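User: I should like to learn how to read the features of a protein model. Please give the general idea each time, and then the case at hand.

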Amino acid sequence: MNPAAVTRPAGPGATLVSACILLVLVGLPLAGLLGAIVDPPPDPLGGNPSLSSVLSGSRVGELLVSSLGLSVVVAVLATGLGAALAWAEARLEFPGRSVLGVMALLPLASPSYLLAATFAHAFAPGGAAGFLGLARPTGLWAAALVLVVVTTPYVQLVVGAALARGSAAEEEAARSLGASGFRVFQVAVLPGLRPALGLSALIAALYAISDFGAVAVLDAPVLTWRLFQAVKAASLAKAAILGLATLGATVPLFILARLLRGRHEARTVANPRSPQRRPVGPAGTALAWLGFGTVILLGVVLPALTLAGWVADGIARDLPFAAPWSPLLQTAGLSIAGAIGLLLLVIVPARAVARSAPGASWVDEGVFVTSALPGVLLAFGLMLAALGASRLAGGGAVYAALLASGVLLFLGYAARFAAETYSPVRAAFAGVDARLYESARVLGNPMRWVTRVEGPMVAPGLAAGALLATLAILKELPVTLLLGGAMGVQTLAFRVWDRYREALWHDAGLSGLLLMGLALGLVALTLRWRRNA
């Protein structure tokens with residue numbers, strides 16, 4: 001047995017604290033949503049419609065089918081493309097391989113709504129690709145294409161990490177027994193990749209079913225966009241039904257995640273060796289360049305050129321630009337403050353799971369459940385929970401105070417991005433050698449153990465978690481739109497959305513370039529961890 005893999009069990013108190021954190025993050029929005037179904041709040045535009053009229057008038061069934069269909073299409077295409085790119089980067093040798101592999105990850109810095117806006121503008125008549133003679137891209141197919149570009153880098157990272165952990169020993173043994181190339185892949189490579197492929201498909205599906213920005217910009221008829229429209233129109237009864245349907249659409253994905261995680265078994269060999277990259281000819285090189293180039297072109301080059309073109313057009317026409325400094329400072333401040341709060345929030349659950357606290361497996365599952373819920377649904381559920389608290393208190397003061405103080409906004413960020421912050425922190429605590437816990441007893445003072453031993457060892461994981469949380473909050477749109485308005489929050493994401501909807505392209509371009517610049521900087525800082533975690 002590897003001594004480093006043995007952890008010193010934590011007490012039940014850590015699990016209790018973790019359960020309370022998860023109860024707040026998951027329970028509040030779900031309680032608000034279910035409460036609005038059972039006892040609908042008064043509709044400011046009149047009486048509440050009946051459940052049957054809402055179901056028939058909202059086309060919930062059609063929207064549910066569209067949402068699930070979109071998520072399945074995105075999951076299949078992104079998993080196939082991302083896995084192919086990861087394979088080309090890890091197992092093939094061709095000119096420009098390393099540079100293309102890194103650049104194909106840069107769409108991580110492009111928010112889906114920004115990518116969708118530049119995509120729609122570039123391919124519309126008069127845009128950068130207007131010479132193709134295509135109509136302005138809208139609807140489900142356009143949203144699917146944008147979401148495939150956005151999610152492919154996640155698949156490339158996950159599958160690439162699995163390939164990097166693989167060993168040439170099994171493949172060499174299969175070849176020595178006379179197996180063909182396809183048979184070697186089938187028996188020696190695919191079983192090790194299957195968990196990564198399943199997880200990648202799940203990530204892409206959850207991203208697609210919870211996305212708001214791309215489907216909103218491209219007018220795709222899905223649940224999240226219709227839910228946002230209902231909330232903004234104060235049609236709370238209709239929004240509650242749509243929210244419940246959105247929650248129902250994620251349940252099959254939760255079950256699939258549990259099944260995949262339950263069947264996963266680690267595959268290890270005694271003498272791991274990285275397989276040699278195989279050189280490819282001109283045809284293989286051209287195919288690899290086509291795959292990487294498509295993702296880079298649509299996910300990085302086209303958005304940057306389109307945004308720069310909007311800014312240049314505004315300068316040429318001498319249009320006034322709104323000062324970007326306030327949104328820039330608000331974006332930086334909210335992102336940093338939210339990341340610090342998230343980091344403090346996940347330390348106890350991460351440490352409890354890493355140290356095998358009683359009930360830790362349920363805590364581990366619960367953290368990922370929170371971040372799988374769509375941001376629009378989380379924000380709406382928190383609004384309903386606050387409204388319910390105000391009704392119990394006999395007035396609207398509680399609701400107004402929770403919105404204006406930023407409590408709901410922070411809870412929305414925490415629920416939406418807990419998993420992204422938690423994962424590297426948990427991995428960092430799990431990497432602390434259990435033998436050190438016993439050796440540290442001679443230090444006597446627990447604070448000395450934290451500051452001199454455990455703290456320095458987990459610091460890289462904490463830094464990675466903080467950077468990932470900052471990047472996630474930086475790009476977030478629906479939670480900021482719904483829960484930050486009462487605070488007067490106008491982040492760069494809000495500015496891009498607002499100026500784009502008002503057709504003020506030059507302002508949207510300037511804010512978009514600043515947002516992409518910040519996000520690209522954070523992606524560069526987290527790239528090494530993401531590619532090796």
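User: How much area does the chain expose, and which atoms supply it?

Analyst: Accessible areas come from the Shrake-Rupley method with a 1.4 Å probe; for residues, only the protein chains shown count as cover. The chain exposes about 23,500 Å², and carbon and sulfur atoms supply 68% of that area. This is a predicted model, in which local features need pLDDT of at least 70 and side-chain atom pairs count only at pLDDT 80 or more, while totals for chains, interfaces and linings use all residues. Residues are numbered from 1 along each chain as its sequence is written, and side-chain values use heavy atoms, with hydrogens and water left out.

User: What share of the residues counts as buried?

Analyst: Buried means under 20% relative accessible area, exposed means over 50%, and partly exposed lies in between (1.4 Å probe, protein chains only). In this chain of 533 residues, 49% count as buried.

User: How many aromatic pairs does the structure hold?

Analyst: Rings of Phe, Tyr and Trp (its six-membered ring) pair if their centres lie within 6.5 Å; planes under 30 degrees apart count as stacked, over 60 as edge-to-face and the rest as tilted. The structure holds 11 such pairs. One of them joins phenylalanine 228 and tryptophan 497, edge-to-face, at 6.4 Å centre to centre with 85° between the planes. Phenylalanine 228 lies in helix 10 (residues 223-232) and tryptophan 497 in helix 21 (residues 492-501), so the pair ties together parts 269 residues apart in sequence. Here helices (H or I, at least four residues) are DSSP runs, numbered from the N terminus. Both phenylalanine 228 and tryptophan 497 are buried. Ring pairs link these two with Phe212 and Trp225 into a cluster.

User: Where is aspartate 219 found, and what is its phi?

Analyst: Most residues other than glycine have a negative phi. Aspartate 219, in the loop between helix 9 (213-217) and helix 10, has a positive phi near 55°. Aspartate 219 is partly exposed, with a relative accessible area of 42%. Alanine 503, in the loop between helix 21 and helix 22 (505-532), has a positive phi near 60°.

User: At what angle do the axes of helix 15 and helix 16 cross?

Analyst: Two packed helices are described by the angle and the distance between their axes. Axes are lines fitted to C-alpha atoms, for helices over the stretch in contact, and angles run from 0 to 180 degrees between N-to-C directions. The axes of helix 15 (residues 375-393) and helix 16 (residues 397-405) cross at roughly 145° and come within 7 Å.

Notes
Helix = DSSP H or I, 4+ residues; strand = E, 2+ residues; numbered from the N terminus.
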